[in-house]
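Q: Please give me a close look at one part of this structure, step by step. I'd like a connected account that I can follow with the model open on my screen.

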Amino acid sequence: MAVINPRFRRKERPGPQLPPGQYLTTDFPVMSLAATPVVRTERWALTLTGPDGAGHRWTWSEFTDLPQQEITVDIHCVTRWSKLGTTWKGVSIDTLLDAAGLREAGTHVMASCYGGYTTNMPLADLVDGKALIAHTFDGKPLAPEHGGPARLVVPHLYFWKSAKWIHELHLMSADEPGFWEANGYNMYGDPWREQRYA
Ligand SMILES: Nc1nc2c(c(=O)[nH]1)N[C@H]1C(S)=C(S)[C@@H](COP(=O)(O)O)O[C@H]1N2
Ligand SMILES: [Mo]
């Protein structure tokens with residue numbers, strides 16, 4: 001007779017909080033293409049640029065002086081783990097766009113990182129409180145392996161869009177693929193529609 005551990009079965013079954021094909025995890029896997037880059041806050045800068053390349057640059061102290069937001073959200077990795085109720089603190093993309101005067105400057109965004117990783121998404125998916133540049137995770141400074149000192153967090157898309165060690169957000173007037181998107185991943189990546197691959 002087959003014995004099914006009900007706890008295991010519940011983990012495997014998508015519930016109202018779990019997109020199709022995902023399972024729950026309580027730990028926090030590290031998913032990085034390359035070694036964790038050393039990014040010191042004294043040398044860190046975040047740049048937000050429009051399609052013509054003009055824009056705004058924040059040092060670490062300028063960035064941390066901006067109005068802060070905290071969000072508690074579920075995250076979903078394309079490799080099928082999901083983690084519920086993660087709390088992030090940082091600066092919303094709305095705040096950055098308004099400070100730079102670039103709110104209407106493009107339709108899509110390329111996020112670029114220290115270390116070279118890139119990922120693309122529509123600008124609409126970063127505004128209206130949907131995304132943060134986070135420096136704090138669950139009340140503590142974001143660990144280097146998870147993208148510290150600061151990473152993009154776009155919780156409603158697969159987590160590969162949440163660029164670690166963020167360095168630049170470049171607004172574009174058309175969509176262009178980032179690293180994974182040029183290598184077979186979906187240009188958009190909605191976990192609820194299981195948009196894993198192109
Ligand atoms: N710079 C950078 N950002 C990145 C990645 C990466 O390799 N480099 N991996 C992405 C992928 S595929 C995932 S699932 C998440 C993993 O974040 P974590 O390591 O904090 O779990 O980061 C995303 N952001
Ligand atoms: Mo991932």
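A: Happy to! Let's begin at Cys-77, which counts as buried because its relative accessibility is 7%. Keep in mind that what you have on screen is a predicted model. Is Cys-77 bonded to another cysteine or too far away for a bond? The closest cysteine sulfur belongs to Cys-113 and is 15 Å from the sulfur of Cys-77, so the two are too far apart for a bond. A disulfide would need the two sulfur atoms within 2.5 Å. Seen from the other end, Cys-113 takes part in no disulfide, and its nearest cysteine sulfur is that of Cys-77. Cys-113 is buried too, with 7% relative accessible area. The disulfide count for the model is 0.

From there, let's move on to ligand 1. Ligand 1 occupies the largest pocket, where 18 residues surround it. Among these, the closest are Pro-29, Met-31, His-146, Arg-151 and Lys-164, so they are handy ones to select on screen. Sorted by class, the surrounding shell contains 13 nonpolar residues, 3 polar ones and 2 charged ones.

Now for the polar contacts. In His-146, a polar side-chain atom is 2.6 Å from an oxygen atom of ligand 1. Lys-164 also places a polar side-chain atom 2.6 Å from an oxygen atom of the ligand. With Leu-33 the backbone takes part: one of its polar backbone atoms is 2.8 Å from an oxygen atom of ligand 1. As for cover, ligand 1 taken alone exposes 530 Å², and 96% of that is buried by the protein.

Conventions: Residues numbered from 1 in each chain as written. Chains lettered and ligands numbered in written order. Predicted model: local features only at pLDDT ≥ 70, side-chain atom pairs only at ≥ 80, totals over all residues. Heavy atoms only, no water. Near = heavy atom within 4 Å. Polar contact = N/O pair within 3.5 Å; in protein donor to acceptor, adjacent residues only side chain to side chain. Areas by Shrake-Rupley, 256 points an atom, 1.4 Å probe, with all protein chains shown as cover. 1 Å grid on protein atoms, 1.4 Å probe; cavity = no way out; pocket = protein on both sides within 12 Å on 5 of 7 lines; lining within 4 Å. Sits in = over half its atoms within 2 Å of the grid points. Nonpolar A, V, L, I, M, F, W, Y, C, P; charged D, E, K, R; others polar. Buried < 20%, exposed > 50% of the residue type's maximum accessible area, 1.4 Å probe, protein only.
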